[in-house]
There are 2 protein chains.
Amino acid sequence: MDELPTRDRLVFAAMKLFGEKGYLSTSVQDILREAGANAGSLYHFFPTKQDVLVAVLDMYREGIEPMLLAPAWEGVDDPIERIFALLASYRRALEISDCLYGCPIGSIALELHEPDPPVRELLSVNFHQWVGHVERCLIEAGERLPADLDRRQTAILVLNVMEGGVMQSRTHRTLDAFDASVAGLRDYLDRLEQAASAGRNNAAGGHDG
Amino acid sequence: MDELPTRDRLVFAAMKLFGEKGYLSTSVQDILREAGANAGSLYHFFPTKQDVLVAVLDMYREGIEPMLLAPAWEGVDDPIERIFALLASYRRALEISDCLYGCPIGSIALELHEPDPPVRELLSVNFHQWVGHVERCLIEAGERLPADLDRRQTAILVLNVMEGGVMQSRTHRTLDAFDASVAGLRDYLDRLEQAASAGRNNAAGGHDG
DNA sequence: TCGGCGCTTGAACGTCCATTCAAGCCATGC
DNA sequence: GCATGGCTTGAATGGACGTTCAAGCGCCGA
């Protein structure tokens, strides 16, 4: 029963608590209790509480691929379905936590109104990465989507759907809003696929304006 | 120069500060300083700080029509353009505050992970109202949109676009994400209008499946 | 003129918070 | 066997926080 090193226990404890209660509502004592450590240990590794947050955000950044995308995309090859599989993994988190646990990055982003530069930058990087992965799915969908579709713009919209769905579901304590958000996105992507398909047929028929 | 009554000054001060720095980061002292009042006065009107928040959320609930929608919709009659006019008013708030001030309801909703029932309910009501107004626009758009379109679902998506756009823009400190979100929504609604128009033409031509 | 009352004053209170620190532990290298 | 240095211990510190309260002010009806 080899315990993790103290530093890691602290970061994991903080990650859990920041996600559950938010950054401001989590005290250093909370982290220490959860990690089974003492104040001196924490301050041996981290100058301030904010540096713990930075370490947590760093871990999210590194973990997005192996911890979030890989499990969500297991057995899902279709690039468009991967987007909905990703959204489904957030739905699951909401479901098993009674609509309490959503996206920790989003919570922290809205909780800290004027975050210090290192924190803001890491939040920004995390969003960029997430959007980048969704954008790649949309690019991989190739000509199934309209050729002139701005795929980064659409990826940003997907992040909105997730974050907005989480926000509303947590507030209403029902999954309805999340499901409605995803259904709205599904309708949009369906229509994009139809338009692309129609566009290809027209092109094949030599029709132009 | 008749000052407002103390209770109102307190609520307005709290509204301003909660919007700027969030609920948890705003101290009672901050509110007192901003309102020019003393602790005893605040606690004469409100049992706790949380009751000030309740009063603020109540004021938002009452103010959504006269303070938010009316100015945003001045001179805009088209129901679909009203949706974009509403989004534009949030964009303006982001713009003049250097991407700091977004939607206070959304911030508080994510900041308080387990809000006490009265607070959660008021957040919920505020969201419902907002979605309801957008839904009414979509209903007023009538047959310009597909007959089978779920207009509440679409209204929820519009709220996502706003909240998600605000969240990303505040994090990146650029309006790009907000603009991309709105552009994505515009593309979706354009396609819905096209589909409805095509549907009407088919129906007029007596075409069926 | 006076009493009552809504409201104000601002110091004081206890709690909790992030952070510090002197002391100690223990594995390692000598 | 001993010194070194990374890590731990947990009590202490000072400040900020939400909240309380005894005292006072000033308006108004009697």
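**Exercise 1. Contacts with the DNA backbone**

How far does a backbone N or O atom of A:Lys49 lie from a phosphate oxygen of DNA strand C? Find this distance in the predicted model, then look for side chains that also approach a phosphate oxygen.

*Solution.*
Step 1. Start with A:Lys49: one of its backbone N or O atoms is 2.7 Å from a phosphate oxygen of DNA strand C.
Step 2. Now turn to chain B. The side chain of B:His44 has an N or O atom 3.3 Å from a phosphate oxygen of the strand, and for B:Ser41 a polar side-chain atom lies 3.4 Å from a phosphate oxygen of DNA strand C.
Step 3. Ask which elements are involved. Helix H3 (39-45) of chain A and helix H3 (39-45) of chain B are the elements that give two or more residues to the surface near DNA strand C.

**Exercise 2. The surface around strand C**

Describe the residues around DNA strand C, and say which part of the DNA they face.

*Solution.*
Step 1. There are 15 residues around the strand, and A:Val28, A:Tyr43, A:Lys49, B:Thr6 and B:Asn38 come nearest.
Step 2. Sort the surface by class: 5 residues are nonpolar, 9 are polar and 1 is charged.
Step 3. Look for the main contributor. H3(B) gives the most, with 5 residues.
Step 4. Now take the DNA side. Of the strand C atoms within 4 Å of the protein, 63% belong to sugar or phosphate, and the rest belong to bases.

**Exercise 3. Relating the two chains**

What turn lays chain B on chain A?

*Solution.*
Step 1. In general, two copies of a chain are related by a rotation about an axis and a shift along it.
Step 2. Here the turn is 180° and the shift along the axis is 0.0 Å, with an RMSD of 0.0 Å.
Step 3. The two copies are therefore related as by a two-fold rotation axis.
Step 4. Check the interface: 100% of the interface residues of chain B are also interface residues in chain A, so the copies meet through the same surface.

**Exercise 4. Enclosed spaces**

How many cavities of 30 Å³ or more does the structure hold? Describe their linings.

*Solution.*
Step 1. The structure holds 2 such cavities.
Step 2. The largest has a volume of about 50 Å³. Its lining includes A:Arg170 and A:Thr171 from chain A, and B:His113 and B:Arg120 from chain B.
Step 3. The second largest holds about 40 Å³ of space. Among its lining residues are A:His113, A:Arg120, B:Arg170 and B:Thr171.
Step 4. Finish with the classes. The largest cavity is lined by 4 nonpolar, 2 polar and 3 charged residues, and the second largest by 4 nonpolar, 2 polar and 2 charged residues.

Note on methods
Residues are numbered from 1 along each chain as its sequence is written. Chains are lettered from A and ligands numbered from 1 in the order in which they are written. This is a predicted model: local features need pLDDT of at least 70, side-chain atom pairs count only at pLDDT 80 or more; totals for chains, interfaces and linings use all residues. Side-chain values use heavy atoms; hydrogens and water are left out. On a 1 Å grid over the protein atoms alone, a cavity is a set of points where a 1.4 Å probe fits but cannot get out, and a pocket is an open set with protein on both sides within 12 Å along at least five of seven lines; lining residues have an atom within 4 Å of a point. Grid points are joined across faces, edges and corners, and a volume is the space filled by probe spheres set on the points. Ala, Val, Leu, Ile, Met, Phe, Trp, Tyr, Cys and Pro count as nonpolar, Asp, Glu, Lys and Arg as charged, and the others, Gly among them, as polar. Copies are superposed by least squares on the C-alpha atoms of residues with pLDDT of at least 70 in both. Contact means heavy atoms within 4.5 Å. A residue is near a molecule or strand if one of its heavy atoms lies within 4 Å of it. A polar contact is a pair of N or O atoms within 3.5 Å; within protein, one must be able to donate a hydrogen and the other to accept it, and residues adjacent in sequence count only if both atoms are side-chain atoms. Helices (H or I, at least four residues) and strands (E, at least two) are DSSP runs, numbered from the N terminus.
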